[in-house]
Amino acid sequence: MFPPSPRLPAVLQTVRFLRTPFSLLHECFESLGPVFHLRLLGLGKWVFVSEPELIKTLFKADPDVVRSGEINSRQLGFLLGLDATFSKDGDDHLRRRRLVLPHFNGPGAKDLLPLIRERTLVAIDRWPHDTFAFQSWAHRLSLDVLGHAMFSASTDEQIDELVERFDRFATDGLRSPLIMMPWLQVDLGRWSPWGRVLELRRRVFDAVRMLVRDRLADREGYDQSDIASKMAGSREADGSFLSEDALVEEIVNDIFAGHETTGNILSWCLECVTSRPDVRDRLREELDRVLAGRPIEASDLRQLPYLHAVIQEAIRYRPLAPMAGMRLTKEPFTLGQFRLPPETIVVQCFPVMANRTDLYRDPERFDPDHFSDDNKPPAYHWNPFGGGRRMCLGKGLAEIELAVIMAEIVRRYDVEICQSKVEPVRDGVFFAPSRGLRVRMTPRPPS
Ligand code: HEM
């Protein structure tokens with residue numbers, strides 16, 4: 001049996017999915033249960049799953065039967081290329097993932113903490129005195145952190161140029177409505193809408209290529225202090241190096257995957273904390289007690305459970321996207337009572353999972369105690385980073401970045417939200433606070 005679909009005509013399902021997916025998905029869950037499908041024009045049938053046990057089945061499935069790379073590259077290969085971890089499957093995927101993962105997780109991610117802190121303080125110094133859109137600032141900072149982590153051995157001017165090009169690509173290219181409408185992606189030259197997106201993309205790839213060429217010229221001798229140099233100098237299991245194209249695509253993919261996600265979540269974290277003075281005060285108490293006015297270090301992270309709970313809760317409360325993790329069946333696949341034929345697209349429906357009353361007490365309320373130490377959600381209940389062997393490759397870095405940036409802002413500044421209402425609105429592929437979250441920052445008076 002194939003999962004049910006709402007009675008709405010496909011065209012209405014598509015329009016609602018593009019404009020207001022969260023309410024559509026909640027309605028479907030209420031009327032059809034935790035597994036249903038939508039018929040999306042130009043995109044096919046998508047099965048949405050919001051049952052922890054079935055998410056586990058999906059994430060742990062044999063990667064030859066249920067693939068990710070193939071569907072990721074079908075959706076985004078035209079922008080990101082086909083030779084990166086994101087777009088690979090099987091052994092190719094594992095080999096590449098092993099080469100990249102250590103730079104963004106475990107000790108590799110902790111080593112980046114001083115850089116994240118330094119870049120945060122530089123960005124804070126550039127805050128305007130009046131109101132500004134926090135989301136743009138947060139995107140730019142996430143880009144800046146990734147640019148410096150990847151290319152710290154290059155000059156500041158080179159990194160700034162890369163960040164600038166990426167920012168333009170993200171702002172003018174990736175926010176084009178055409179991104180979600182493959183049937184309208186026609187290149188009629190650089191002044192046509194799609195031609196313009198491709199031109200912005202080319203400028204990003206060119207900038208990355210220029211920076212990696214220095215490193216490729218002397219793979220093992222080049223200053224190994226940055227991630228791009230380390231990737232250029234490391235060998236795959238068969239002893240070979242990454243090709244120039246592979247290295248460029250890997251870096252573009254990581255920066256692409258890592259900056260809007262982190263920037264938007266940061267914006268939601270700030271909005272949630274600012275709207276709840278009781279949460280802000282409790283967070284400040286923890287930060288002041290543990291850090292006692294000194295710079296945050298990697299060893300502090302374990303001592304800040306409330307900060308982590310606030311971040312996890314903000315991710316739950318304000319989902320970034322209608323799904324987190326996409327798979328494609330290549331053989332008949334059993335998911336609970338359903339039998340999915342080959343070529344079925346299946347996604348984790350994170351917003352529905354995050355709002356289930358049987359999984360979270362009072363889910364409509366922002367409450368970091370949903371993630372307190374004695375209240376941790378069981379495995380497969382909260383998976384904003386996907387799961388299994390496709391789990392987000394930048395999770396470690398993202399978690400440290402969110403913690404450090406939030407800690408630096410909350411302990412030093414009083415934040416005022418300068419708009420009457422903040423709502424989730426579509427912003428490219430993700431959802432973000434309306435109007436980019438207008439804020440004013442005032443240094444916190446000494447207590
Ligand atoms: C809070 C921020 C982030 C969120 C919520 C997020 C979320 C995700 C999700 C849901 C996936 C798909 C997982 C799956 O299919 O099971 C993913 C994959 C990925 N993410 Fe992230 N991500 C974040 C930050 C980052 C950062 C900072 C980087 C880069 C350093 C990054 C790089 C990647 C890559 C390369 C993949 C593909 C992994 C693979 O296919 O093996 N992400 N991310």
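**Exercise 1. Strand 8 and its partners**

Task: In this predicted model, determine in which sense strand 5 (residues 326-329) and strand 8 pair and over how many bridges, and then place strand 2 and the side chains of strand 8.

Solution: Start with strand 5, which pairs with strand 8 in the antiparallel sense over 3 bridges; within this pairing, Met-326 stands opposite Val-347 of strand 8. Turn next to strand 2 (residues 44-49), which runs parallel to strand 8 and is joined to it by 4 bridges, with Phe-48 having Val-347 as its bridge partner in strand 8. Finally, follow the side chains along strand 8 (residues 345-348): Ile-345 and Val-347 point one way, Val-346 and Gln-348 point the other way, and all of them are buried.

**Exercise 2. The shell around the ligand**

Task: Find which residues come nearest to the ligand, which helix gives the largest share of the shell, and how the shell divides by class.

Solution: The ligand has 26 residues around it, of which Gly-258, Gly-325, Gly-386, Cys-392 and Gly-394 come nearest. The elements that contribute two or more residues to this shell are helix 5 (90-104), helix 12 (244-275) and helix 16 (395-412). The largest share, 7 residues, is that of helix 12. Sorted by class, the shell holds 13 nonpolar, 10 polar and 3 charged residues.

**Exercise 3. The nonpolar cores**

Task: Identify the members of the largest nonpolar core that touch the most other members, and describe the contacts of Leu-307.

Solution: A general expectation comes first: in soluble globular proteins, nonpolar side chains tend to be buried together. Here the largest nonpolar core comprises 88 residues, and Cys-269, Leu-307, Val-310 and Met-406 are those that touch the most other members. Helix 12 supplies the largest share of this core, 14 residues. Apart from this core lies another, of 29 residues, which includes Phe-48, Val-49, Ile-71 and Cys-349. To look more closely at Leu-307, set aside its neighbours within four places in sequence; Leu-307 is then in contact with Leu-283, Glu-286, Leu-287, Ala-403, Met-406 and Ala-407.

**Exercise 4. Two domains and their contact**

Task: State the bounds of the two domains, the separation of their centres, and the make-up of the side of domain 1 that touches domain 2.

Solution: According to the domain assignment, domain 1 consists of 1-73 + 328-353, and domain 2 of 81-319 + 354-443. Taken over C-alpha atoms, the centres of domain 1 and domain 2 are separated by 26 Å. At the contact, 21 residues of domain 1 meet 25 residues of domain 2. On the side of domain 1 that touches domain 2, helix 3 (52-59), helix 4 (69-80) and helix 15 (350-353) each supply at least two residues, and the residues of that side divide into 9 nonpolar, 7 polar and 5 charged.

**Exercise 5. Positive phi values in two loops**

Task: For Ala-292 and Asp-362, give the value that phi is near, the loop in which each is found, and decide whether each is buried or exposed.

Solution: Phi of Ala-292 is near 45 degrees, a positive value in a residue other than glycine, and Ala-292 is found in the loop between helix 13 (277-291) and helix 14 (305-317). Ala-292 counts as exposed because it has 7 C-beta neighbours inside 10 Å, where the cut-off for exposed is 12 or fewer. Phi of Asp-362 is near 50 degrees, again a positive value in a residue other than glycine, and the place of Asp-362 is in the loop between helix 15 and helix 16. With 9 other C-beta atoms within 10 Å, Asp-362 is therefore exposed.

Conventions: Residues numbered from 1 in each chain as written. Predicted model: local features only at pLDDT ≥ 70, side-chain atom pairs only at ≥ 80, totals over all residues. Buried ≥ 20, exposed ≤ 12 C-beta atoms within 10 Å, placed from the backbone. Pairing = 2+ DSSP bridges. Near = placed C-beta within 6 Å. Nonpolar A, V, L, I, M, F, W, Y, C, P; charged D, E, K, R; others polar. Core = buried A, V, L, I, M, F, W, Y, C linked by C-beta atoms within 7 Å. Contact = placed C-beta atoms within 7 Å. Domains from an automatic or database assignment.
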